[in-house]
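Here are my notes on this model, set out point by point. Please read them with the structure open.

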Amino acid sequence: MHAIILAAGVARRMAPLTDTTNKCLLPVGGRPLLARMLEALAAAGMEKTVLVVGHCADQIRALAGRRVGAMAVDYVENPDYTKTSVLSLYAARAHLKAPALVMDADVLFPREFLLRLLATPAPSALLVDRSFKDTGEEVKVYTRGDRVIALGKKVVPEAWDSVGEGVGFFRCGAEAAPLFVRYLEKVMAEPAGPHEWEDAIHLLAMDHHVGWVDVTGLPW
């Protein structure tokens, strides 16, 4: 198992803080978010983490280096990092051939998140927090039984058992990866935008089992 961290974006909504640094390098409690994330992945036994970089890539490379503990660190460049997140994940598509955790780089989370996602029997799964407040900005995850049936900021299915906010972490099983990559390509080809990588999970969940892991009550 390895991780893919999407750390290329400009984060314009956080300007001017992010004008000359990457959002994931901003300190929380005196330490950069990315440093916390990499240490958590290494502690969880991750063999390798791939960082998709663009905005302030040199700063990210300087922080992460080539190894965190026993975990190797590699890099993929997204030359179109000023555009949408789907392009960042598509740039790292070669790393989806093996089971992988896809993660947004700007999440402050407890290590229990990783433990639960790695322990779930579902080869492909999302973390879901059901205690969210809907402001219109959240990626909402709709579930029925043990599977995700829809997700997105504006998608609403006809019926569901529960709904929660997606944390931004996706466990992609090896068997789902080829279909997931095709859906990334489909999202990229759509004329209307913006396009986010989670849009491809929505398409995947409609014809492939995507499970969900409840993290309601945990702080993040």
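**Notes on the predicted model**

1. Start with a strand pairing. Leu-6 in S1 stands opposite Asp-104 in S7. Keep in mind throughout that this is a predicted model. S7 covers residues 100-104, and its pairing with S1 is parallel, over five bridges.

2. S1 has a second partner. Strand S4, residues 48-53, runs parallel to S1 and is joined to it by six bridges. Within that pairing, Ile-5 has Leu-51 as its bridge partner.

3. How many residues of S1 are buried? Six of six, across residues 2-7. Both faces are covered. One side carries His-2, Ile-4 and Leu-6; the other carries Ala-3, Ile-5 and Ala-7.

4. Now the largest nonpolar core. The count is 37 residues. Leu-89, Leu-96, Phe-170 and Phe-180 have the most contacts inside it. H5 gives the largest share of this core, with seven residues. Another core lies apart from it and has 35 residues, including Cys-24, Met-37, Ala-64 and Leu-101. As background, nonpolar side chains in soluble globular proteins tend to be buried together.

5. Leu-89 deserves a look of its own. Beyond its neighbours within four places in sequence, Leu-89 touches Ile-4 and Leu-6. The other contacts of Leu-89 outside that window are Leu-96, Val-102, Phe-180, Leu-184 and Trp-197.

6. Helix H5 spans residues 177-189. Does its length fall in or out of line with expectation? It agrees: 13 residues at 1.5 Å a residue should span 18 Å, and the end C-alpha atoms are 18 Å apart. The buried residues of H5 are Ala-177, Leu-179, Phe-180, Val-181, Tyr-183, Leu-184 and Val-187. They pack against helix H3 (85-91), strand S11 (162-172) and helix H6 (198-207). On spacing, an α-helix has 3.6 residues a turn, so residues three or four places apart point the same way.

7. Is Arg-66 buried or exposed? Arg-66 is exposed, because its relative accessible area is 52% and the cut-off for exposed is over 50%. Arg-66 sits in the loop between helix H2 (57-64) and strand S5 (67-68).

8. What does Arg-66 contact, leaving aside neighbours within four places in sequence? The partners are Arg-61, Met-71, Ala-72, Val-73, Asp-74 and Tyr-75. With Asp-74, the side chain of Arg-66 makes a polar contact of 3.2 Å. Leu-115 is 49 residues from Arg-66 along the chain, and their C-alpha atoms are separated by 24 Å.

Key: Residues numbered from 1 in each chain as written. Predicted model: local features only at pLDDT ≥ 70, side-chain atom pairs only at ≥ 80, totals over all residues. Heavy atoms only, no water. Buried < 20%, exposed > 50% of the residue type's maximum accessible area, 1.4 Å probe, protein only. Helix = DSSP H or I, 4+ residues; strand = E, 2+ residues; numbered from the N terminus. Pairing = 2+ DSSP bridges. Contact = heavy atoms within 4.5 Å. Polar contact = N/O pair within 3.5 Å; in protein donor to acceptor, adjacent residues only side chain to side chain. Expected span 1.5 Å × (residues − 1). Core = buried A, V, L, I, M, F, W, Y, C linked by side-chain atoms within 4.5 Å.
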